[in-house]
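Colleague: I'm a first-year student and I'd like a close look at a single part of this protein. Could you pick one spot and walk me through it, then show me how it fits into the rest?

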Amino acid sequence: MTAIGRLKTRAEFLHVRDGSRFAAPSLVLQARARGETADTLHDVARFGFTASKALGGAVLRNRARRRLKEAVRIVGPERAVPGYDYVLIARAGTVQRRFTEITRDLERALTKVHQAPRL
């Protein structure tokens, strides 16, 4: 089981942006291994959450982020890889889809971002 941490600074989010990416109907998942620095804990997978204003008002954006956080709480400990940073971007489906479908999308996304890219 993997411990879960949080991404908090803009620099951390920007670092993950250049990694692998998978889009599902309810979310976009970006993943990237952390660099070798002395202050990073390599036994923790860290997650960041974002929702753009295009999604809707503050109430919808907050609801979407809360749903993504709960999905990570359920799926993350088994599927996340220690030493990786992840960013989940909310989509319109985050608010509209059933929660079981969101967790299924997250499981699939976590599997896909760690597969070798097809040539």
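Modeller: Sure, let's start with Asp85, which you'll find in strand β5. Keep in mind that this is a predicted model. Asp85 has a relative accessible area of 1%, and anything under 20% counts as buried, so Asp85 is buried. Which residues does Asp85 touch, if we skip those up to four places away in sequence? They are Leu7, His15, Val16, Gln30, Ala31, Arg32, Arg34 and Arg46.

Two of those arginines deserve a second look. The side chain of Asp85 makes a polar contact of 2.6 Å with the side chain of Arg34, and another one, of 2.9 Å, with the side chain of Arg46. Follow Arg34 a bit further: Arg34 sits in the loop between β3 and β4. Is Arg34 buried or exposed? Its relative accessible area is 8%, so Arg34 counts as buried too. The side chain of Arg34 also has a polar atom 2.6 Å from the backbone oxygen of Val44. So much for the polar side of the story.

Now stay in β5 and turn to the rings. Two aromatic pairs turn up in this model. In one of them, the ring centres of Phe47 and Tyr86 are 4.8 Å apart with the planes at 20°, and therefore the pair is stacked. This pair ties together distant parts of the chain, since Phe47 belongs to strand β4 and Tyr86 to strand β5, with their positions 39 residues apart. Phe47 and Tyr86 are both buried; for Tyr86 the relative accessible area is 0%. The other pair is Tyr84 with Tyr86, also stacked, at 6.1 Å centre to centre and 25° between the planes. Tyr84 has a relative accessibility of 23%, so Tyr84 counts as partly exposed. Put the pairs together and you get a cluster of Phe47, Tyr84 and Tyr86.

Phe47 and Tyr86 come up again when we look at the largest nonpolar core. This core has 24 residues, and the ones that touch the most other members are Leu27, Leu29, Phe47, Leu68, Tyr86, Leu88 and Leu106. Who supplies the core? β3, β4, α2, β5 and α4 each put in at least two residues, and α2 gives the most, with five.

That makes α2 our next stop. This helix has 22 residues, which should span 32 Å at 1.5 Å a residue, and the end C-alpha atoms are 30 Å apart, which agrees. Even so, α2 has a bend of about 40° at Arg73, and a proline, Pro77, comes within four residues after that. The buried residues of α2 are Arg61, Ala64, Arg67, Leu68, Ala71, Val72, Val75, Gly76 and Pro77. Here's a handy bit of background: an α-helix has 3.6 residues a turn, so residues three or four places apart point the same way. As for what the buried residues of α2 pack against, that would be β1, β3, β4, β5, α3 and α4.

Let's zoom in on one residue of α2, namely Val75. Its relative accessibility is 2%, so Val75 counts as buried. What is Val75 in contact with, once you leave aside its neighbours within four places in sequence? The answer is Thr103, Leu106, Glu107 and Leu110. You can also check Val75 against Arg104: 29 residues apart in sequence, but 8.8 Å apart in space, C-alpha to C-alpha.

So what about helix α4? It covers residues 99–112, which is 14 residues, and reaches 20 Å from its first C-alpha to its last, close to the 20 Å expected. In α4 the buried residues are Glu101, Ile102, Thr103, Asp105, Leu106, Ala109 and Leu110. Among the elements that cover them are β2, β3, α2, β5 and α3, and with β5 we're back at the strand that holds Asp85.

Finally, step back to the whole chain. It has four helices and five strands, and from the N terminus on they run β-α-β-β-β-α-β-α-α. Of its 119 residues, 41% count as buried. If you take the contacts with a separation of 6 or more, 76% of them are between residues 24 or more positions apart. The pair of Phe47 and Tyr86, 39 residues apart, is a link between distant parts of the chain that you've already met.

Notes. Residues numbered from 1 in each chain as written. Predicted model: local features only at pLDDT ≥ 70, side-chain atom pairs only at ≥ 80, totals over all residues. Heavy atoms only, no water. Expected span 1.5 Å × (residues − 1). Buried < 20%, exposed > 50% of the residue type's maximum accessible area, 1.4 Å probe, protein only. Contact = heavy atoms within 4.5 Å. Core = buried A, V, L, I, M, F, W, Y, C linked by side-chain atoms within 4.5 Å. Polar contact = N/O pair within 3.5 Å; in protein donor to acceptor, adjacent residues only side chain to side chain. Phe/Tyr/Trp six-rings, centres within 6.5 Å; stacked < 30°, edge-to-face > 60°. Bend = angle between axes of the 7 residues up to and from the residue.
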